[in-house]
Amino acid sequence: MASDTIPQILPAHEGNALARRGLMLILSSPSGAGKTTIARMLLEKDPHIRNSVSCTTRAPRPGEVDGRDYHFVSQDQFDRMADEGEFLEWAHVFGKSYGTPKAQVKSGLKAGQDYLFDIDWQGTQQLYQKLERDVVRVFLLPPSIDELRRRLTGRGTDSAEVIAARMERARSEISHWDGYDYVVVNDDIGHCFEKVKQILAAERLRRARQTGLIGFVRNLMEPDESAPGAP
Ligand SMILES: Nc1nc2c(ncn2[C@@H]2O[C@H](COP(=O)(O)OP(=O)(O)O)[C@@H](O)[C@H]2O)c(=O)[nH]1
Ligand SMILES: Nc1ncnc2c1ncn2[C@@H]1O[C@H](COP(=O)(O)OP(=O)(O)O)[C@@H](O)[C@H]1O
């Protein structure tokens, strides 16, 4: 195991003191602030968190892979899935539809699987309303508006028109920063990644998630029958 691999706990099963419930790590930010970059780093370094792959009606960007980055679907397909209740949440962003498939998230959480969500503030609110205790909300901010524009331009994936629309929307997205548990400025990518890792490590240790502790603590509190003088 690489030395910078994130330490993990064992999967949930009965009798395992380290068993715990999975969590849902949500990364949001104005477009271009770096959430896809941080998400990819996390997925690469931490084998215990899985990406929740969203469905979208937007076109793939160069380098994006169907089924890995998004499930790229037509508007008809998307609408049918929404009608049939196949999404945990969905929203319109930049004139396109985006949705989180229900798939295995609920059963996965019970089995100790963590999931990563790259979704906007609307989706975050919906997930929080449904699964409050499992959700950890992290908002990334750019160090400045000029740097945000530089990153969107430097990414080289969007037309000038699309970049202008994303910049236009950035201020209203930033206004939702107070709907998150953690806010991290993505100035240096390495520092930002470290902070997100620390958040994840601490959140995994929350008592409420550590389902295996119940039996473990009960055992610790049993009267010690082998102690000298015990009845
Ligand atoms: N509510 C919701 N938002 C999503 C989902 N998938 C992606 N998004 C958000 O849609 C916005 C646009 O995503 P994208 O077109 O990939 O551009 P990006 O902002 O540069 O990553 C971002 O704010 C994403 O976080 C989803 O399933 N649900
Ligand atoms: N801390 C950083 N410093 C410099 N460039 C960054 C940083 N974080 C991300 N980038 C670059 O900025 C661009 C936008 O990042 P991306 O992760 O695609 O943002 P988002 O998913 O939030 O739209 C990419 O080209 C990425 O390589």
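In the predicted model, the shell around ligand 1 draws on both parts of the chain, with at least three residues from each of domain 1 (9–52 + 112–220) and domain 2 (53–102). This shell consists of 17 residues, and the closest to the ligand are Ser31, Ser54, Ala91, Tyr98 and Gly123. Two or more residues are contributed by each of strand S5 (87–93), strand S6 (96–101) and helix H4 (121–131). The largest contribution is that of S5, which gives four residues. Sorted by class, the surroundings of ligand 1 comprise five nonpolar, eight polar and four charged residues.

Ligand 2 is surrounded by 15 residues, of which Gly34, Thr36, Thr37, Arg151 and Ile189 are the closest. At least two residues of this shell come from each of helix H1 (35–45), helix H5 (145–155) and helix H7 (189–204). The class composition is three nonpolar, eight polar and four charged residues.

The division of the protein chain is into domain 1 (9–52 + 112–220) and domain 2 (53–102). The contact between them involves twelve residues of domain 1 and ten residues of domain 2. On the domain 1 side, H4 provides the largest share, five residues. That side is made up of four nonpolar, six polar and two charged residues. The C-alpha centres of domain 1 and domain 2 are 19 Å apart.

One open sheet is formed by five strands in the order S2-S7-S1-S8-S9, with parallel pairing. Strand S2 (49–51) and strand S9 (182–185) each have a single partner strand and stand at the edges, so one side of each has no neighbour in the sheet. On average, neighbouring strands of this sheet are turned by 25° against each other, direction ignored. Within the sheet, strand S1 (residues 24–28) pairs with strand S8 (residues 135–141) in the parallel sense over five bridges. Ile26 has Arg137 of S8 as its bridge partner. Helix H1, which also supplies residues to the shell around ligand 2, lies across S1, S2, strand S7 (114–118) and S8. The direction of H1 is at about 160° to that of S7.

A second open sheet has four strands in the order S4-S3-S6-S5, and its pairing is mixed. Its edge strands are strand S4 (71–72) and S5, each of which pairs on one side only. Strand S3 (residues 55–56) and S6 run antiparallel and are joined by two bridges. In this pair, Thr56 stands opposite Tyr98 of S6, and Tyr98 is also among the closest residues to ligand 1. Helix H2 (residues 75–83) packs on the sheet through S3, S5 and S6, and its direction makes about 45° with that of S6. H4 packs on the sheet as well, touching S5 and S6, at about 160° to the direction of S5. The elements S5, S6 and H4 thus recur in the shell around ligand 1.

As to confidence, the protein chain has a mean pLDDT of 90, and 93% of its residues reach 70 or more. Over residues 1–14 pLDDT stays under 50. For this stretch the model has 23 contacts beyond four places in sequence. The scores of the model are ipTM 0.95 and pTM 0.89.

Methods:
Residues are numbered from 1 along each chain as its sequence is written. Chains are lettered from A and ligands numbered from 1 in the order in which they are written. This is a predicted model: local features need pLDDT of at least 70, side-chain atom pairs count only at pLDDT 80 or more; totals for chains, interfaces and linings use all residues. A residue is near a molecule or strand if its C-beta atom, placed from the backbone, lies within 6 Å of it. Ala, Val, Leu, Ile, Met, Phe, Trp, Tyr, Cys and Pro count as nonpolar, Asp, Glu, Lys and Arg as charged, and the others, Gly among them, as polar. Domain bounds come from an automatic or database domain assignment. Two residues are in contact if their C-beta atoms, placed from the backbone, lie within 7 Å. Two strands pair if DSSP finds at least two bridges between them. Axes are lines fitted to C-alpha atoms, for helices over the stretch in contact, and angles run from 0 to 180 degrees between N-to-C directions. pLDDT is the predictor's confidence in each residue, from 0 to 100.
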